[in-house]
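Okay, everyone, thanks for coming. Let me put the structure up, and then I'll walk you through a few spots inside it.

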Amino acid sequence: MTHEKGNNAKINSYEHAFQPCEIGPVTLANRIAFPAWQLNYANTDGTVSEKLMKFYTDLARGGCGLIFTGAAVVTSDGIPFDRVMRVDSDRFIPGLSHLFSAIKEFGSKAAIQLVHYGRQSSTAVSGDVLMAPSAIPCPVMSQYDPEYKVREMTAEDISHLKDSFVAAAKRAAEAGVDVVEVHACHGYMLNEFLSPYSNKRTDNYGGSPENRARLIVEIIREIREELGGQVAVCLRISGHEFVEGGLVPEDFRELLPLFEEAGIDMINVAAGVYQSMERIVPPKSLGLTPHADIAATIKSFSSVPVCAVGSILSLAAAEAMLANGTADLTAMGRAQMADPFMVKKAAEGNDEEIRKCIHCNSCTFWTTGDPEVYCAVNPDYGKPV
Ligand SMILES: Cc1cc2nc3c(=O)[nH]c(=O)nc-3n(C[C@H](O)[C@H](O)[C@H](O)COP(=O)(O)O)c2cc1C
Ligand code: SF4
């Protein structure tokens, strides 16, 4: 997507991708994001490691406009991996501050994704009886974990969880983050509340769409009240859960205005839950940009910027989606894992130097049995030995 000028200088033609983008109080230099990846690169105590620092600063040096760090857990219970980023105590603030400063030094904006894993965790790994809106086992995790146990949350649990999300957002803001993302996709806790597939409660937090959305709305509203315009607030949803009885894009016609009224500045549209795992990190068999229609439908209901994701493996594909109005931003995970310097190379007209993702999904370490993320084509993040 470059052409030669008279003096042979290369001119880039990703005109939509390289437009600035406003997310509430934050202005991004371009419309390429790196979506949250639980890399399992943190230190075992949940603090930011040297490897995490390198990973995210590579992306920032590589020109990515918005870098979602995390997911970072908001409480210490139900953590399914041994090297997850944490933000459940003030002791994590110095490391996060160091990380966000490094990202921002290169002109990128720093985001953090806040998570509770809910029922999609492991009792064997976490040592905890898992909590969820309803005591319905995750059909996937309960198969692999012989000790799997889940219980329905009490009103006190819900109130504590809400406070934990808000406290985590405040810590991230204190550490200098630009964007706080509330993780309500892929079948984790807040997605479990939102979805009739996993939420069978009969109190104020279950039943109607408004009730299922209530916890997310309360969390967003409180973050907004606490932090005002200090940060942008983003919500990540599964726009389609691809399970029987689960959420579909049309549901967001009613849900999205509730989140907008609560104060979100951006909606990030992912897909899938554990039972439809192939939608979380879509494999080659699903083709390129398989979820573009989901983002486009949700954008038609939205008055805040929409981010699309899912096998957007080239800047040309991102540019096309931005140009045709599918979304306002494009998140590119595997493409930038394969080459964290992709944006910069394209901006300088050196597309031919971009190392391409081969869509092999070796990076999904939970399916390969590897201890952390590695990439089949990026030697800087090679297979652990
Ligand atoms: C190793 C790995 C870890 C992931 N961790 C998270 C996560 O913590 N939170 C989240 O919302 N999505 C997570 N995802 C999903 C990605 O954010 C993204 O939606 C997915 O990679 C599809 O985008 P892509 O096709 O550009 O790679 C993860 C994906 C991978 C491959
Ligand atoms: S491991 Fe494979 S799918 Fe994952 S980023 Fe690398 S090349 Fe792409």
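Before I talk about empty space, one term: a cavity is a set of grid points where a 1.4 Å probe fits but cannot get out. Keep in mind, too, that what you see is a predicted model.

So how much can we trust the picture? The average pLDDT for the protein is 95, and 97% of the residues score at least 70. The catch is at residues 1–11, where the pLDDT is below 50. That stretch does have 20 contacts in the model beyond near neighbours in sequence. Still, where pLDDT is low, the predicted coordinates should not be read in detail.

Okay, cavities. How many are there of 30 Å³ or more? The structure holds 3 of them. The largest has about 90 Å³ of space in it. It's lined by 13 residues, and the ones closest to its centre are Cys357, Cys360, Cys363, Cys375 and Ala376. By class, that lining breaks down into 9 nonpolar, 3 polar and 1 charged.

Next, the second largest cavity, with about 40 Å³ of space. Among the residues lining it are Trp37, Tyr41, Tyr56, Arg83 and Met85. Two elements give two or more residues to this lining: helix H1, residues 50–61, and strand E6, residues 66–73. Here the classes come out as 8 nonpolar, 3 polar and 1 charged.

Hang on to Tyr56, please, as we'll meet that name again in the packing. The largest nonpolar core has 84 residues, and Tyr56 is one of those touching the most other members, along with Ile112, Leu190, Leu235 and Phe259. Let's zoom in on Phe259. Skipping residues up to four places away in sequence, Phe259 touches Leu194, Ala213, Ile216, Val217, Ile220, Leu235 and Ile264. There's also a second, separate core of 19 residues, including Val179, Cys185, Ala232 and Ala270.

Last stop: Val269, in strand E13, which covers residues 266–270. Is Val269 buried or exposed? It counts as buried, because its relative accessibility is 3%, and the cut-off for buried is under 20%. And what is Val269 in contact with, leaving aside neighbours within four places in sequence? The list includes Ile237, Gly239, Ile294, Ile298, Val306 and Cys307. One more distance for you: Val269 and Lys299 sit 30 residues apart in sequence, and their C-alphas are 9.3 Å apart in space.

That's my tour, thanks!

Terms used:
Residues are numbered from 1 along each chain as its sequence is written. Chains are lettered from A and ligands numbered from 1 in the order in which they are written. This is a predicted model: local features need pLDDT of at least 70, side-chain atom pairs count only at pLDDT 80 or more; totals for chains, interfaces and linings use all residues. Side-chain values use heavy atoms; hydrogens and water are left out. A nonpolar core is a set of buried Ala, Val, Leu, Ile, Met, Phe, Trp, Tyr and Cys residues joined through side-chain atoms within 4.5 Å. Buried means under 20% relative accessible area, exposed over 50%, partly exposed in between (1.4 Å probe, protein chains only). Contact means heavy atoms within 4.5 Å. On a 1 Å grid over the protein atoms alone, a cavity is a set of points where a 1.4 Å probe fits but cannot get out, and a pocket is an open set with protein on both sides within 12 Å along at least five of seven lines; lining residues have an atom within 4 Å of a point. Grid points are joined across faces, edges and corners, and a volume is the space filled by probe spheres set on the points. Ala, Val, Leu, Ile, Met, Phe, Trp, Tyr, Cys and Pro count as nonpolar, Asp, Glu, Lys and Arg as charged, and the others, Gly among them, as polar. Helices (H or I, at least four residues) and strands (E, at least two) are DSSP runs, numbered from the N terminus. pLDDT is the predictor's confidence in each residue, from 0 to 100.
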